[in-house]
Amino acid sequence: MKSGLRKSMAGKMQMQKSLNQTDTDAMGGPDSNDATQPLRWAGLRLALLAFAQFIIAIDYNIVYVALPDIGRDVGFTAQSLQWVVSAYAVAFGGFLLLGGRAADRLGPRRMFILALVLYGVSSLAGGLAPNALTLVVARAIQGLGGALLFPATLALINTSFAEGTERNRALAIWGAAGSGGLAAGAIIGGILTSGWGWQAVFFFTVPLALGAALVAAPVLLAPDPAPKGRRQSFDLPGALVVTTSATLLVFGLASGPEAGWHTVRSAGSLVIGVLLLGTFILIERRARDPLAPLRLFANRGLATAMVVSFFHHMALSSGYYLLTTYFQNLLGYNALAAGLAFVPLGVLAMIGGGKGAALLLNNWGTRATMFAGMFIYGVGLAAIAFAMSPGGSYWAVLPGILIYGFGGGIAFTTLFVAAASGVAPNEQGVASALASTSLQIGAALGLAAILVVANVGLGGQAGAASDVVDGLRMAGWFAAAAAVLGAVLALTLKQRNPGVPLDVAASPESAC
């Protein structure tokens, strides 16, 4: 028996050695006789994938502080200016599922490169935009690039690193890069707008995206594997219906505060979006190769991640709105000062989403880590709301900001660890896209809801600073409640041993 065990272990070691050799050769690396070579190439590859997430996060946030200048120079009205942000969010949220399945069907490397090229070209077009329509279209194409890039990046991480401790660490680095990008976006946006004008916030992304797509990716990412077995269809009807549905849902939520919730533009979009979502479910039940196989929803890790993701980004968009309004309207900060005020939040989010998440995941497991992250997140939001006052200061809200950033970073990384657990390699793209779509819809609904709640808190009297603070404080309690509800829902996640893959933890051998 011992002899058989030794032979089995020797066979596994030889197989791993062969896989490392194949991986190194596929990327064109140097002679694999160097024992450190596979590890070094894996590190460079992870750095590229984390950098892609950094680009997505920067592009999400960099434009906010430039909005006043864009409105004056390009010709937006006060009501239409929001579409510089909303066009990106609508396209990003609407095309995520299509992007996820494209990564699974066409190959994550191909989609990764295509998405970054779209980012670079649309960023250049945005910086050169002569009018409002051109700029909105450019932002929508950026959102499409993000919808293709986000699931492709996650699919490459989840298929390159083994489930458990190795993948937890990789996703922690990826999550920390995203948190850093959100903070850097506000700071860089303020510096570029102040020094070189609003066009610079678009031009900044061009060399980053094109350099990663055309120089780094072809060298560091192995070619997509050839499809095996029968040729699979793309489920075009399902793709068209769910893309239209998600786009209308995000569009309706984004339009509500501006156009009114009872208008055709808002309510009509939401109703049609929900009806199309039901149609999509019927299509998926009958499709031979569905875009989003319904059996994926039976994966408790993915289903929980989707629900908690919704509340995570509901709290995230609410928190950014609260802090931006407080910094600029109550404390009188300009764009650059407001951007710098977000630095501590970004630093703590990087620590929480990086080392903090990796340490807790490998020692506590996914369920406890997700609960802890979301609960800390909610405590931070409550502390921010409690500390706001008409004559307040930045230092009064800083403790809440630090707690908010740390907990949010832990939760964000853990969500995608849960979403990837127990999912087959050829479905990692669509699994990450499902969780990401929940994020985007939660963010859109959170921002819309927070505006309603803040106005209720104002009671129709926004003349005095105390009235503004009352509205913001009520909105803060709402955001904190959303985060705590997400923490409670995280407890529905199936418990398993820390650092152990879901398929291993559930196997009969693991009980021996």
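Angles between helix axes under 35 degrees count as roughly parallel, over 145 as roughly antiparallel, 65 to 115 as roughly perpendicular and the rest as oblique. The structure shown here is a predicted model, in which local features need pLDDT of at least 70, side-chain atom pairs count only at pLDDT 80 or more, and totals for chains, interfaces and linings use all residues. Residues are numbered from 1 along each chain as its sequence is written, and side-chain values use heavy atoms, with hydrogens and water left out.

**View A. Helix 14 meets helix 16 at an oblique angle.** Helix 14 covers residues 343–364 and helix 16 residues 394–420; their axes come within 7 Å and cross at roughly 40 degrees. The two helices are therefore oblique to each other. Here the axes are lines fitted to C-alpha atoms, for helices over the stretch in contact, and angles run from 0 to 180 degrees between N-to-C directions. Helices (H or I, at least four residues) are DSSP runs, numbered from the N terminus. The crossing of this pair is right-handed, that is, the near helix is turned clockwise from the far one by less than a right angle. Among the residues making the contact (heavy atoms within 4.5 Å) are Leu345, Gly352 and Leu360 of helix 14 and Tyr394, Gly405 and Val417 of helix 16. By class, the contact has 16 nonpolar, six polar and no charged residues. Ala, Val, Leu, Ile, Met, Phe, Trp, Tyr, Cys and Pro count as nonpolar, Asp, Glu, Lys and Arg as charged, and the others, Gly among them, as polar.

**View B. Helix 4 packs roughly antiparallel to helix 5.** Take a look at helix 4 (residues 83–106) and helix 5 (residues 108–128), which pack at an angle of about 150 degrees with their axes 8 Å apart. Tyr88, Ala102, Ala103 and Leu106 of helix 4 meet Pro108, Arg110, Met111 and Tyr119 of helix 5. Seven nonpolar residues and one charged residue form this contact, with no polar ones.

**View C. Helix 12 passes helix 18 in a left-handed crossing.** The axes of helix 12 and helix 18 (residues 465–490) come within 9 Å and cross at roughly 160 degrees. That makes helix 12 roughly antiparallel to helix 18. Their contact has 21 nonpolar, five polar and no charged residues.

**View D. The largest cavity is lined by 23 residues.** Gly178, Leu182, His313, Leu316 and Phe412 lie nearest its centre. Helix 2 (37–61), helix 7 (165–196), helix 12 (300–330), helix 14, helix 16 and helix 17 (428–458) each give two or more residues to the lining. Helix 16 supplies the largest share, five residues. The lining divides into 14 nonpolar, nine polar and no charged residues. For this view, a cavity is a set of points on a 1 Å grid over the protein atoms alone where a 1.4 Å probe fits but cannot get out, and lining residues have an atom within 4 Å of a point.

Technical notes: 1 Å grid on protein atoms, 1.4 Å probe; cavity = no way out; pocket = protein on both sides within 12 Å on 5 of 7 lines; lining within 4 Å.
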